[in-house]
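I opened this notebook to record what I looked up, entry by entry. The ligand and its surroundings come first, and the backbone follows.

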Amino acid sequence: MRLYSLLAAAKINLYLEVVGHRGDGFHELIMVMQSISLADRVTVRSIGVDDIRVRCDHPLVPRDETNLAYRAAALLAQRFPGVMAKLGGVEITLEKHIPVGAGLAGGSGNAAAVLVGLDMLWQLGLTQAELQDLGARLGSDVPFCIGGGTAIATGRGEQLDALPGVDHLYLVLAKYESEFVSTPWAYTTYRANFEPTYLADEAGFAARRSQVKSGAMVAAIAGQDGVAIGQQLYNDLEKVVLPAHPKTAQLKTTLASLGGLGTLMSGSGPTVFTLVGSQAEAEALAQRLKAALPDPDLGVWTARFSSAGVQLVG
Ligand code: C5P
C-alpha cells in the first residue's frame with residue numbers, strides 16, 4: 001500500500017483589487033497572495049478498487065464530487081485514462097485545521113495537495129507548471145496554492161509572478177464560526193455596485209498591472225518592510241462584504257483597535273487578520289481579542305508567513 005501525506009497551506013490576500021470584467025464571466029483581478037503556516041493535512045492512499053473516496057470528519061466538508069479535492073482526483077483520472085485500473089484508485093483523507101468557507105483558500109489548498117500527491121501516487125511525472133494548468137481548471141486560487149510563498153496573482157488569479165519571500169511576519173486571524181460569505185455573491189454584488197469604476201479592456205488591465213507591480217505594496221515586500229506592508233493592505237471586496245456582515249465589520253474594527261501593523265479581510269472573507277512582528281506579539285494580540293470579544297462563536301488563530309504551498313511530509 002502506498003501513501004503520501006502533504007501539508008496544504010492556507011493563504012491570505014495582502015492586496016486584492018477588482019479591475020474589470022473578463023470575457024469568461026470571471027473578474028480580472030490584481031492580488032498579492034501570501035501562504036501562511038496554518039495548514040490542512042491531506043493524505044492520498046492507493047486503494048485496490050477503481051474509485052475515488054474522500055474521508056473528512058469536519059461536518060461542513062462534503063465527501064462527494066462537490067468537494068474540490070475529489071474533483072482534483074477526478075480531473076487527473078480523466079486526463080490519464082486507465083491510471084486507476086493500473087495503479088489503483090485513491091482514498092483522500094482531509095484533516096482540517098484551516099477554517100472552512102473563510103476566504104483562506106482551504107478548499108483550493110486541499111485540491112492543490114491532491115494534484116501534487118496523485119502526481120506521485122500515480123507516477124504521472126507532471127511538472128509544477130502542468131499541475132498549475134490543471135489546477136486553474138478547478139479554481140482560481142489552486143495554482144497559487146501548489147507553489148505558495150509570496151506572489152502577485154493576476155488574470156482570474158491563476159497568472160502568478162513570484163515575489164521575494166517575507167518570512168519574519170506573523171498574524172492573528174479571526175472569524176465568527178457562524179459567518180459565511182459566498183464568493184460568487186461577493187463578486188456579483190461588487191459588480192452591481194462598482195461596475196462604473198471597471199477598466200474597459202486588456203490595455204487598461206495591463207497598465208494597471210504594471211502600476212501595481214511598481215507600486216507601494218510590491219516595494220514594501222521587496223524591502224521586507226513589515227510596517228509598510230501593514231500600511232498597504234487593501235481589499236476591494238471589503239466594500240461589499242463588510243456592510244452586509246456587520247458582525248464581521250465590528251470584528252475588523254475591534255481587531256484593528258488592538259494594535260499591530262495593519263488589519264484586513266482576506267479574499268471574499270469573512271476571516272480578518274492583523275499583521276504583527278513576532279509570535280509573542282501574535283499570541284498577546286490573540287488574548288486581547290478574546291478578552292475584548294468573549295464570544296464562543298469567535299475563532300482566533302495565530303500563524304506566521306510561510307514560503308510553502310503544498311509540502312510533502314510523509
Ligand atoms: O475560481 P473560483 O471557483 O475560486 O471562483 C469562485 C467564484 O468567484 C466564481 O464562480 C466567480 O463567481 C467568482 N470569481 C470571479 N472572478 C475571479 C475569481 C472568482 O468573479 N477572478
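Entry 1. Which atom of the ligand does a polar side-chain atom of S140 lie 2.6 Å from? I looked it up and found an oxygen atom of the ligand. I note at the outset that the model is predicted.

Entry 2. I then turned to H27. An N or O atom in the side chain of H27 is 2.8 Å from an oxygen atom of the ligand. For R156, I recorded a contact through the backbone: a polar backbone atom of R156 is 2.9 Å from a nitrogen atom of the ligand.

Entry 3. I looked up how much of the ligand the protein covers. On its own, the ligand has 450 Å² of accessible area, and the protein covers 74% of that area.

Entry 4. I listed the residues that surround the ligand, taking those with a heavy atom within 4 Å of it. They are F26, H27, L29, G139, S140, R156, T183, P184 and Y187. Sorted by class, this shell has 4 nonpolar, 4 polar and 1 charged residues.

Entry 5. I asked where the ligand sits with respect to the pockets. The ligand takes up the space of the largest pocket. Two elements, β2 (27-47) and α6 (183-194), each give two or more residues to the shell around the ligand. Of the elements, α6 gives the most, with 3 residues.

Entry 6. Why does the ligand lie between domain 1 and domain 2? I found that domain 1 (3-165) and domain 2 (170-304) both give residues to the shell around the ligand, and therefore the ligand lies between them.

Entry 7. I left the ligand and looked for a cis peptide bond. One such bond joins G269 and P270, and its omega is about 5 degrees. I placed P270 in the loop between β9 (262-265) and β10 (272-276).

Entry 8. I also checked the backbone at A105. Although A105 is not a glycine, its phi is positive, at about 60 degrees. I placed A105 in the loop that runs between β4 (89-95) and α3 (106-121).

Methods. Residues are numbered from 1 along each chain as its sequence is written. This is a predicted model: local features need pLDDT of at least 70, side-chain atom pairs count only at pLDDT 80 or more; totals for chains, interfaces and linings use all residues. Side-chain values use heavy atoms; hydrogens and water are left out. A polar contact is a pair of N or O atoms within 3.5 Å; within protein, one must be able to donate a hydrogen and the other to accept it, and residues adjacent in sequence count only if both atoms are side-chain atoms. Accessible areas come from the Shrake-Rupley method with a 1.4 Å probe; for residues, only the protein chains shown count as cover. On a 1 Å grid over the protein atoms alone, a cavity is a set of points where a 1.4 Å probe fits but cannot get out, and a pocket is an open set with protein on both sides within 12 Å along at least five of seven lines; lining residues have an atom within 4 Å of a point. A molecule sits in a cavity or pocket if more than half of its atoms lie within 2 Å of its grid points. Helices (H or I, at least four residues) and strands (E, at least two) are DSSP runs, numbered from the N terminus. Ala, Val, Leu, Ile, Met, Phe, Trp, Tyr, Cys and Pro count as nonpolar, Asp, Glu, Lys and Arg as charged, and the others, Gly among them, as polar. Domain bounds come from an automatic or database domain assignment.
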